[in-house]
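Please walk me through this structure in plain terms. I would like to know how its parts are arranged and how some of its residues are placed.

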Amino acid sequence: MEIEKAILAVITTNSSIVEGGAPIFICETRKEAEDISANLEAITDGIAHELSEELFIIVKH
């Protein structure tokens, strides 16, 4: 069985806006969040989406 669509990770600079079942990465700065998003995108073969200034998700389509 292969997962077709899923949220693989959540990256944020504001820990009060996230909770849930996906791995959550809390960053100090927006630059750090962008860097971690790019790295996770490559590692997981996912796609990063910016949902707001302080929130990114990595998804598998």
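Asn14 counts as partly exposed, because its relative accessibility is 22%, and a residue would have to be under 20% to be called buried. The model in which this value was computed is a predicted one. Asn14 sits in the loop that runs between E1 and strand E2 (24-26). Between the C-alpha atoms of Asn14 and Lys31 there are 13 Å, while the two residues are 17 residues apart along the chain.

Lys5 can be set beside this. It is found in the segment before E1. Lys5 has a relative accessible area of 71% and is therefore exposed, since the cut-off for that class is over 50%. Once its neighbours within four places in sequence are left aside, Lys5 is in contact with Lys60 and His61. Its C-alpha atom is separated by 21 Å from that of Ile36, a residue 31 residues apart from Lys5 along the chain.

The next topic is the order of the elements. The chain contains four strands and one helix. Read from the N terminus on, they follow the pattern β-β-α-β-β.

How is strand E4 placed with respect to the rest of the structure? E4 covers residues 55-60, and five of its six residues are buried, so the strand is largely enclosed by the rest of the structure. The pairing of E4 with other strands adds to this description. Strand E1 (residues 6-12) runs antiparallel to E4, and six bridges join the two. One of the residues involved is Ile11, whose bridge partner in E4 is Phe56. Strand E3 (residues 47-52) is also antiparallel to E4, and here five bridges make the connection. On this side, His49 has Ile57 of E4 as its bridge partner. E3 and E4 are further joined by a hairpin, which passes through two residues. E4 thus has bridges to E1 and to E3. As a general point, side chains in a regular strand alternate between the two faces of the sheet.

The remaining values describe the chain as a whole. Its radius of gyration is 11 Å, which agrees with the value near 10 Å that a compact globule of 61 residues would have. Taken along the principal axes, the box filled by the C-alpha atoms is roughly 35 × 20 × 15 Å. Of the 61 residues in the chain, 25% are buried. Among contacts with a separation of 6 or more, 40% are between residues 24 or more positions apart.

The last two items concern surface and charge. About 4,300 Å² of the chain is exposed, and 53% of that area is supplied by carbon and sulfur atoms. The chain carries 4 positive and 12 negative charges, and the mean positions of these two groups are 6 Å apart.

Note on methods. Residues numbered from 1 in each chain as written. Predicted model: local features only at pLDDT ≥ 70, side-chain atom pairs only at ≥ 80, totals over all residues. Heavy atoms only, no water. Buried < 20%, exposed > 50% of the residue type's maximum accessible area, 1.4 Å probe, protein only. Pairing = 2+ DSSP bridges. Rg over C-alpha atoms; globule rule 2.2 N^0.38 Å. Contact = heavy atoms within 4.5 Å. Areas by Shrake-Rupley, 256 points an atom, 1.4 Å probe, with all protein chains shown as cover. Lys, Arg positive; Asp, Glu negative; His and termini not counted. Charge placed at Lys NZ, Arg CZ, Asp CG, Glu CD.
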